[in-house]
Amino acid sequence: MALKGFPSWVCSVPLPPHNLGKGDFNFKRSGFALDLKTKKVYSVLEGYSTQTAITSVEDENPSVRLKRAVDQVDAKEERKFHKDLNFLPRPLSVTDFSASPTNGSNMRVAYQGVPGAYSEAAALKAYPGCEAVPCDQFEAAFKAVELWLVDKAILPIENSFGGSIHRNYDLLLRHRLHIVGEVQLAVNHCLLGLPGIRKEDLKRVISHPQALAQCEITLSKLGVVRESVDDTAGAAQHVASHQLRDTGAVASARAAEIYGLNILAERIQDDCDNITRFLILAREPILAKTDRPFKTSIVFTLEEGPGVLFKALAVFALRDINLTKIESRPQKKRPFRVVDDSNNGTAKYFDYLFYIDFEASMAERRSQSALGHLQEFATFLRVLGSYPMDTMS
């Protein structure tokens, strides 16, 4: 059933290497040097050219001097880490579509979230080598396509555990973009933390509400406080940028790599077969074909009456068309239908939109016949797209 060219912000230059995310510093040589004139002890750490005076030999024992030397290295590493985050692209906003140079790629694909998000992974799966453009909201991704700032947008529509993403059903109807493809992505949730932190050290875990719900068993065993944020990769970015040692994030392994975090545990989702389905949207529809499996998505409304929905679904059954999804959403502009209920006075019922996906191409005569039949009693009908099915896991 139908559920219900921007200059990219992505920097093509690879992030500078840093030691965060590698566990300890693994210095090969460390020690102290004594200045006989000043009687000061200096720390000597391989890989760092500066020698910092710590204190007089008489005033402090060697273990304290070593701790201070390592703390200075930690501070330097933290400053370097924060500088690295500045290389990340700034997400587009519905209130700010400021232009920036592209990296010259042929395809620009908008997604909701920040680098490391599962939506970014879906974009790269659909279009390897594309320029993935982050957006702060789903609606910003729709508008980026409509304004020719990007070529396509990719947005989640349903998850095998959490169900449908209703917000995107509503946006499909509000905007005039066309569905031109779908991507099914296996989700591998990881528990991330700062280098040197164990999962037993965590007091709280942050992530998108759906991700937290999908990892209920693991997080309950840890006994941590759970807090919701806008997206999974954003949670990893928050932990890294604020150096939160008592806080973990549920996100992807790619997010750990980008933000310099350690993976404390992998595949922590309750259901190992956790799949999210994404829709690919474009300004123009693609040409429907019959050379491979196609799926068509539609949305329609019906008049109130006994058996009307049965009749609508029967137009597909009569032609051996398989329905893969059906979703109903109350109409926002006409949420209620007022009905005279005879002796009981006036009753109010919801007015619904019905979204359906079916396995057939609009190039097939049976699809055209089915929709022609449906139009006989539908008060509104719109084809959202006819596109190749994702048959690969």
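**Largest cavity and strand β19**

The largest cavity is lined by F142, L155, P156, I157, N168, L172, L279 and L281. Its volume is about 40 Å³. The model is a predicted one. Besides this cavity, the briefing covers strand β19, residues 352-358, of which six of the seven are buried.

Lining of the largest cavity

- Three elements each give two or more residues to the lining of the largest cavity: β6 (152-159), α4 (166-174) and β14 (275-282).
- Strand β6 supplies three residues, the largest share of that lining.
- Sorted by class, the lining of the largest cavity consists of seven nonpolar residues and one polar residue, with no charged residues.

Burial of strand β19

- Strand β19 is largely enclosed by the rest of the structure, because six of its seven residues are buried, where buried stands for under 20% relative accessible area.

Pairing of strand β19

- Strand β15 (residues 294-302) runs antiparallel to β19 and is joined to it by five bridges.
- Between β15 and β19, S297 stands opposite D357 of β19.
- Strand β16 (residues 323-330) is also antiparallel to β19, and seven bridges join the two.
- L323 has F358 of β19 as its bridge partner.
- In a regular strand, side chains alternate between the two faces of the sheet.

How values were computed
Residues are numbered from 1 along each chain as its sequence is written. This is a predicted model: local features need pLDDT of at least 70, side-chain atom pairs count only at pLDDT 80 or more; totals for chains, interfaces and linings use all residues. Side-chain values use heavy atoms; hydrogens and water are left out. Buried means under 20% relative accessible area, exposed over 50%, partly exposed in between (1.4 Å probe, protein chains only). Helices (H or I, at least four residues) and strands (E, at least two) are DSSP runs, numbered from the N terminus. Two strands pair if DSSP finds at least two bridges between them. On a 1 Å grid over the protein atoms alone, a cavity is a set of points where a 1.4 Å probe fits but cannot get out, and a pocket is an open set with protein on both sides within 12 Å along at least five of seven lines; lining residues have an atom within 4 Å of a point. Grid points are joined across faces, edges and corners, and a volume is the space filled by probe spheres set on the points. Ala, Val, Leu, Ile, Met, Phe, Trp, Tyr, Cys and Pro count as nonpolar, Asp, Glu, Lys and Arg as charged, and the others, Gly among them, as polar.
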